[in-house]
Amino acid sequence: MFPFGFGFFDPTMILLVPSIILAMYAQARVRSTFMKYLRVNSKKGYTGYQVARFILDNNGMRDVPVEMTRGQLSDHYDPRRRAVRLSNETYHGHSIASISVAAHETGHAIQHANGYIPLSFRNAIFPVASFGSSAAWIFIIFGLIMSMPSLLDLGILLFSAAVLFQIVTLPVEFNASSRAIELLDEGGFIVSDEREHSRKVLNAAALTYVAAMATAISQLARLLLIRGRRRN
Ligand SMILES: [Zn+2]
């Protein structure tokens, strides 16, 4: 993947194997769980849009728009525009998957409005983390090729910002999902046995964030190992 081995097999790559397997498993599971619950219509029959709009209005956020966005599983909350964006399937759909995702994204909007600390922290480090995740490799590769430890260290420091971002993402995501279940319950959008189905959808999505964090941490561990070997 990266020229750390300079043409030879780099044994530190083994560190990445568990997280790669976890990431592949998480991707497969999120797809299959979504496909399953996209076909299960919620008993009350509200659409994702209706659920999001009702929850926002009910929480004094009439000014937060619910917009449609392209692509599959592209649903998100945009903290800069203060907008909830739902994919076509979520926006128009009235399946368990659609309303669960809609409530989850609305959960992020409520976190933002309430000044939920992990989200504020995540938004604050986002610029450094997004720069770090792409620029880090340039410093790391040049640091290794030119044998300049300070460049390598700078690269590792930048990459650490990206790792920190992945770690802070976890409480933000888990909190939005637990809020979502409560909001669906309180709003009367789901009946008792649907609570468990909704949780399955949101847990599958959360696993992809756990996998992303595990991948980032094992990459960092690998970089530190390479750094240590270079020093000796
Ligand atoms: Zn989320």
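Modeller: Two strands count as paired if DSSP finds at least two bridges between them. The model discussed here is predicted.

Biologist: In which sense do S1 and S3 pair?
Modeller: Strands of a sheet pair through backbone hydrogen bonds, and there are two possible senses, parallel or antiparallel. S1 and S3 are joined over four bridges, and at least two are needed for a pair. The sense in which S1 and S3 pair is parallel.

Biologist: What is the order of the strands in the sheet?
Modeller: The sheet is open, has three strands and shows mixed pairing. Strand S1 (66–69) and strand S2 (76–78) each have a single partner strand, so both stand at the edges, with one side left without a neighbour in the sheet. From one strand to the next the twist averages 35°. The order is S1-S3-S2.

Biologist: Which helix packs on the sheet?
Modeller: The helix in question touches S2 and S3. Its direction makes about 165° with that of S3. This helix is H4.

Biologist: Is Ser 87 buried or exposed?
Modeller: Ser 87 is found in strand S3, where Thr 69 stands opposite Ser 87. Leaving out residues up to four places away in sequence, Ser 87 touches Thr 69, Gly 71, Gln 72, Leu 73, Ser 74 and Asp 75. A residue with 20 or more other C-beta atoms within 10 Å is buried. Ser 87 has 21 of them, so the residue is buried.

Biologist: Where does Leu 73 lie?
Modeller: Leu 73 is a residue other than glycine, yet its phi is positive, near 55°. With 15 C-beta neighbours inside 10 Å, Leu 73 counts as partly exposed. Leu 73 lies in the loop between S1 and S2.

Biologist: What is the phi of Ser 147 near?
Modeller: Ser 147 is found in the loop between H5 and H6. Only 9 other C-beta atoms lie within 10 Å, so Ser 147 is exposed. Its phi is positive, in a residue other than glycine, and near 50°.

Biologist: Which element gives the largest share of the largest nonpolar core?
Modeller: This core has 48 residues, and those with the most contacts inside it are Val 51, Ala 52, Ile 99, Ala 103 and Val 201. Among the elements that give two or more residues are helix H1 (17–38), helix H5 (117–145) and helix H7 (194–231). The largest share is twelve residues, and the element that gives it is H6.

Biologist: What covers the buried residues of H2?
Modeller: In H2, the buried residues are Gly 48, Tyr 49, Val 51, Ala 52, Arg 53, Ile 55 and Leu 56. One of them, Ala 52, is in contact with residues including Val 66, Val 84 and Ala 102, its neighbours within four places in sequence left aside. The cover includes S1, S3, helix H3 (88–92), H4 and H6.

Biologist: What is the mean pLDDT of the chain?
Modeller: Over residues 1–8 the pLDDT is below 50, and this stretch has seven contacts in the model beyond near neighbours in sequence. For the chain, 96% of its residues reach 70 or more. The mean pLDDT is 92.

Methods: Residues are numbered from 1 along each chain as its sequence is written. This is a predicted model: local features need pLDDT of at least 70, side-chain atom pairs count only at pLDDT 80 or more; totals for chains, interfaces and linings use all residues. A nonpolar core is a set of buried Ala, Val, Leu, Ile, Met, Phe, Trp, Tyr and Cys residues joined through C-beta atoms within 7 Å. A residue is buried if 20 or more other C-beta atoms lie within 10 Å of its own, exposed if 12 or fewer, and partly exposed in between; C-beta atoms are placed from the backbone. Two residues are in contact if their C-beta atoms, placed from the backbone, lie within 7 Å. Axes are lines fitted to C-alpha atoms, for helices over the stretch in contact, and angles run from 0 to 180 degrees between N-to-C directions. pLDDT is the predictor's confidence in each residue, from 0 to 100.
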